[in-house]
Amino acid sequence: MAKRPLMSGNWKMYMNTASGLDLVKSLKANCGDVKDRDILIFVPFTLLAPIAKELDGTNVWVGAQNMYFEKEGAFTGEISPLQILDTGAKWVLLGHSERRHVFGETNDLINKKLKSALAHGLKPVLCVGELLEEREGGKIEEVLKTQTKGGFKELSKEDAAKVVIAYEPVWAIGTGKTASPEDADEAHKIIREILASIYDQGTADNMRILYGGSVKPDNVDGLMAKPNIDGSLVGGASLKADGFTRIVKFQ
Ligand code: PGA
């Protein structure tokens with residue numbers, strides 16, 4: 001852990017208004033005393049407005065899990081950056097592996113979304129990560145290069161500095177298999193080197209890179225102890241107030 005940690009949760013397609021509000025009320029109460037790290041949750045679109053309202057003025061931030069890159073138009077079923085901002089949410093998760101692999105999002109599309117989010121003043125978390133067969137085939141570096149370079153294509157250094165990256169090896173998501181702290185740290189180092197090659201070392205060193213993939217209360221401390229891991233993106237374990245609080249309060 002090299003910089004101010006960002007501990008984030010991704011609710012995916014879980015929770016409703018009542019259970020979501022219950023959860024954030026507990027988080028608010030549990031985490032009000034947290035001063036040395038940032039807390040962020042990515043909630044379903046339908047919950048953005050009520051949860052942003054509930055968390056207004058607190059230290060728990062809210063974001064959407066996806067968006068389209070246009071600001072408005074005939075794009076049935078999509079949500080724009082302006083509509084996300086209108087709910088009170090200030091963050092957006094982009095390029096999550098489920099968007100890439102279940103919904104076929106390409107690096108090109110994700111790059112357009114990233115540019116649009118930044119142009120509209122939304123703070124993006126960009127996800128990258130390899131599949132199991134890519135890891136086993138020795139292609140981690142190649143995949144991370146393609147996804148990072150593709151995601152950051154034509155982004156200025158000033159814009160890039162506003163992006164948070166989440167390294168989420170696809171084989172570790174929702175499977176209970178976490179990357180070892182050493183493997184995760186190594187991948188984060190590779191991503192930082194790629195960023196330094198696109199921009200410069202200082203820019204790369206200042207960017208936060210989160211780890212995601214089966215982060216739990218009992219493995220978060222080891223992960224967060226690593227120098228290149230600047231936070232977590234937590235799926236399943238972010239749905240329970242006590243567990244997520246323990247993750248936020250890693251030691
Ligand atoms: P998981 O999900 O913690 O349930 O593995 C992580 C994610 O998909 O962001």
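This is a working chat about a predicted model, its ligand site, two of its helices and a few single residues.

Reader: What should I know about the model before we start?
Author: It is predicted, so local features need pLDDT of at least 70 and side-chain atom pairs count only at pLDDT 80 or more, while totals for chains, interfaces and linings use all residues. Residues are numbered from 1 along each chain as its sequence is written, and side-chain values use heavy atoms, with hydrogens and water left out.

Reader: Ligand, then. How many residues surround it, and which are the closest?
Author: There are 13 around the ligand, and the closest are Lys12, His96, Glu168, Gly174 and Ser214. To be listed, a residue needs a heavy atom within 4 Å of the ligand.

Reader: What does His96 do there, in distance terms?
Author: A polar atom of the His96 side chain sits 2.7 Å from a ligand oxygen. A polar contact here is a pair of N or O atoms within 3.5 Å; within protein, one must be able to donate a hydrogen and the other to accept it, and residues adjacent in sequence count only if both atoms are side-chain atoms.

Reader: Which backbone atoms come in?
Author: A backbone N or O atom of Ser214 is 2.7 Å from a ligand oxygen, and a polar backbone atom of Gly236 is 2.8 Å from an oxygen of the ligand.
Author: The ligand taken alone exposes 280 Å², and the protein buries 97% of that. Areas come from the Shrake-Rupley method with a 1.4 Å probe; for residues, only the protein chains shown count as cover.

Reader: Back to Lys12. Where is it, and is it buried or exposed?
Author: Lys12 is in the loop between strand S1 (6–10) and H1, and it is buried, with a relative accessible area of 17%. Buried means under 20% relative accessible area, exposed over 50% and partly exposed in between, with a 1.4 Å probe and protein chains only. Helices (H or I, at least four residues) and strands (E, at least two) are DSSP runs, numbered from the N terminus.

Reader: What is phi for Lys12?
Author: Near 50°, a positive value in a residue other than glycine. Met15 also has a positive phi, near 85°. Met15 is in the loop between S1 and H1 and counts as partly exposed, at 28% relative accessibility.

Reader: On to H1. What is its span?
Author: H1 covers residues 17–31, 15 residues, and reaches 21 Å from first C-alpha to last, close to the 21 Å expected at 1.5 Å a residue. The expected span is 1.5 Å times one less than the number of residues.

Reader: Which of its residues are buried?
Author: Gly20, Leu21, Leu23, Val24, Leu27 and Cys31. Down the axis of H1 they fall within an arc of 160°, so they line one face of the helix. The arc is that of the directions from the helix axis to the C-beta atoms.

Reader: What covers that face, and what is on the other side?
Author: The cover of the buried residues includes strand S2 (38–43), helix H2 (45–55) and helix H12 (241–248). The face turned away carries the exposed residues Ala18, Asp22 and Ala29. Asp22 is at 52% relative accessibility.

Reader: What does Ala241 of H12 touch?
Author: Leaving aside neighbours within four places in sequence, Ala241 is in contact with Leu23, Ser26, Leu27 and Asn30. Contact means heavy atoms within 4.5 Å. Ala241 and Leu27 are 214 residues apart in sequence, and their C-alpha atoms are 6.0 Å apart in space.

Reader: And H7, which residues are buried there?
Author: Ile140, Val143, Leu144, Gln147, Thr148, Gly150 and Gly151. They fall within an arc of 170° seen down the axis of H7, so they line one face of the helix. Their cover includes helix H4 (97–101), helix H5 (107–119) and strand S5 (123–128), among others.

Reader: Last topic, charged side chains. Where is Lys113, and is it buried or exposed?
Author: Lys113 lies in helix H5 and counts as buried, at 2% relative accessibility. A polar atom of the Lys113 side chain is 3.0 Å from the backbone oxygen of Met67.

Reader: Which side chain does Asp230 pair with?
Author: The Asp230 side chain makes a polar contact with the side chain of Arg192, at 2.7 Å. Asp230 is in the loop between helix H11 (220–224) and strand S8 (231–234), and it is buried, with a relative accessible area of 0%.
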